[in-house]
Amino acid sequence: MTVPLVVVGCGGHGREVLTIARAMDAAGRPRWHLLGFVDDRPAEENLKRVQRLEVPYLGGVAWLRDAPPETHHVIGIGDPRVRRAVAARVDAYGTPAASLVHPAATIGPDTVHGPGFVAFAGARVTTNVTLGRHVHLNQNATVGHDCALADFVSVNPLAAVSGDCRLAEGVLVGTTAAVLQGLRVGRDATVGAGACVVRDVPDGVVVKGVPAR
């Protein structure tokens, strides 16, 4: 039995999320029946790209308000803060959040995740890891042992979070960045692309460089 699924956001990140659902199906694990995309302000070029993928554009996010009760959603938005705002709105419509794990991702033992979790191809989670709601691990991102990533964290492609780290809600770890062992990154902080975090990061700041400042 398949479950109806709607992707929220038809930008590049949302279309990449679509590929995960399709890869799950191709791997012999059919679960999702994709209904289409919703997006309040889709760019014309993105609508054309969605059309080339042969997936319908259903309308604005409010489409979910009257969706059948068995319909699930997944938020295909890369920015953690925007994803959080959209989730608050969609939650009010009552559609449950789906979690998607690409067949080429690895999720280790004693790892738990909240609803809306998305793991892209090549993502690696080792063991004894806690992942919150709507956490996104992008292509070839890694999360080490005993980490805790709070709600709406994004770990971008090729970024590495070492063991026993704590990432608070809304953290963004940029492409190829590294967070070293045992560190804490505060709420809504951003680790810039290519940065190497060697000390705790306060709430709401942007750090970049090697070492990150």
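In this predicted model, H73 is buried, with a relative accessible area of 0%. The residue is found in strand β4, which spans residues 72-75. Leaving aside residues up to four places away in sequence, H73 touches L5, V6, V8, L64, V90, D91, T95, P96, A97, A98 and H134. Burial extends along strand β4, and both of its faces are covered. On one side H72 and V74 are buried, and on the other H73 and I75 are buried.

Strand β4 runs parallel to strand β1 (residues 3-8), and four bridges join the two. Within this pairing, V6 stands opposite H73, and L5 stands opposite H72. V6 is thus named twice with respect to H73, as the residue opposite in the pairing and as a contact. L5 likewise stands opposite H72 and touches H73.

Strand β1 is itself largely enclosed by the rest of the structure, because six of its six residues are buried. Both faces of β1 are covered, with V3, L5 and V7 buried on one side and P4, V6 and V8 buried on the other. Besides β4, strand β1 pairs with strand β2 (residues 32-38), in the parallel sense and over six bridges. In that pairing V38 of β2 is the bridge partner of V8.

V8 and V38 also appear in the lining of the largest pocket. The space in this pocket is about 200 Å³. Its lining consists of V8, G9, V38, D39, D40, R41, V61, I77, V82, A85, V86 and R89. Helix α3 (residues 80-93) gives the largest share of the lining, four residues. By class, seven of the lining residues are nonpolar, one is polar and four are charged.

A separate set of strands forms an open sheet of five, in the order β7-β10-β13-β16-β19 and with parallel pairing. The edges are held by β7 (112-113) and β19 (184-185), each of which has a single partner strand, so one side of each is left without a neighbour in the sheet. The partner of β19 is strand β16 (residues 166-167), and these two pair in the parallel sense over two bridges. Within this pair, R166 stands opposite R184 in β19.

The nonpolar residues were also examined as cores. In soluble globular proteins, nonpolar side chains tend to be buried together. The largest nonpolar core in the model has 32 residues, and those with the most contacts inside it are L137, L149, V155, L167 and V173. L167 touches A148, L149, A150, V153, V161, V173 and V185, residues up to four places away in sequence not being counted. Apart from the largest core lies another, of 18 residues, among them L5, L18, F37 and V118. One of these, L5, is also among the buried residues of β1.

In strand β18 (residues 178-179), A178 was considered. This residue touches A160, A195, C196 and V197, again without counting residues up to four places away in sequence. A178 and A195 are 17 residues apart along the chain, and their C-alpha atoms are separated by 6.3 Å.

Some backbone angles call for separate mention. Most residues other than glycine have a negative phi, and most peptide bonds are trans. H134, which is not a glycine, has a positive phi, near 55 degrees. H134 lies in the loop between β10 (130-131) and β11 (136-137) and counts as buried, at 1% relative accessibility. H134 is also one of the residues touched by H73. D164 likewise has a positive phi, of about 60 degrees, although it is not a glycine. The place of D164 is in the loop between β15 (160-161) and β16. With a relative accessible area of 28%, D164 is partly exposed. A cis peptide bond runs from V210 to P211, with omega near -5 degrees. P211 belongs to the segment after β22 (206-207).

Terms used: Residues numbered from 1 in each chain as written. Predicted model: local features only at pLDDT ≥ 70, side-chain atom pairs only at ≥ 80, totals over all residues. Heavy atoms only, no water. Buried < 20%, exposed > 50% of the residue type's maximum accessible area, 1.4 Å probe, protein only. Pairing = 2+ DSSP bridges. Contact = heavy atoms within 4.5 Å. 1 Å grid on protein atoms, 1.4 Å probe; cavity = no way out; pocket = protein on both sides within 12 Å on 5 of 7 lines; lining within 4 Å. Points joined across faces, edges and corners; volume = space filled by probe spheres on them. Nonpolar A, V, L, I, M, F, W, Y, C, P; charged D, E, K, R; others polar. Core = buried A, V, L, I, M, F, W, Y, C linked by side-chain atoms within 4.5 Å.
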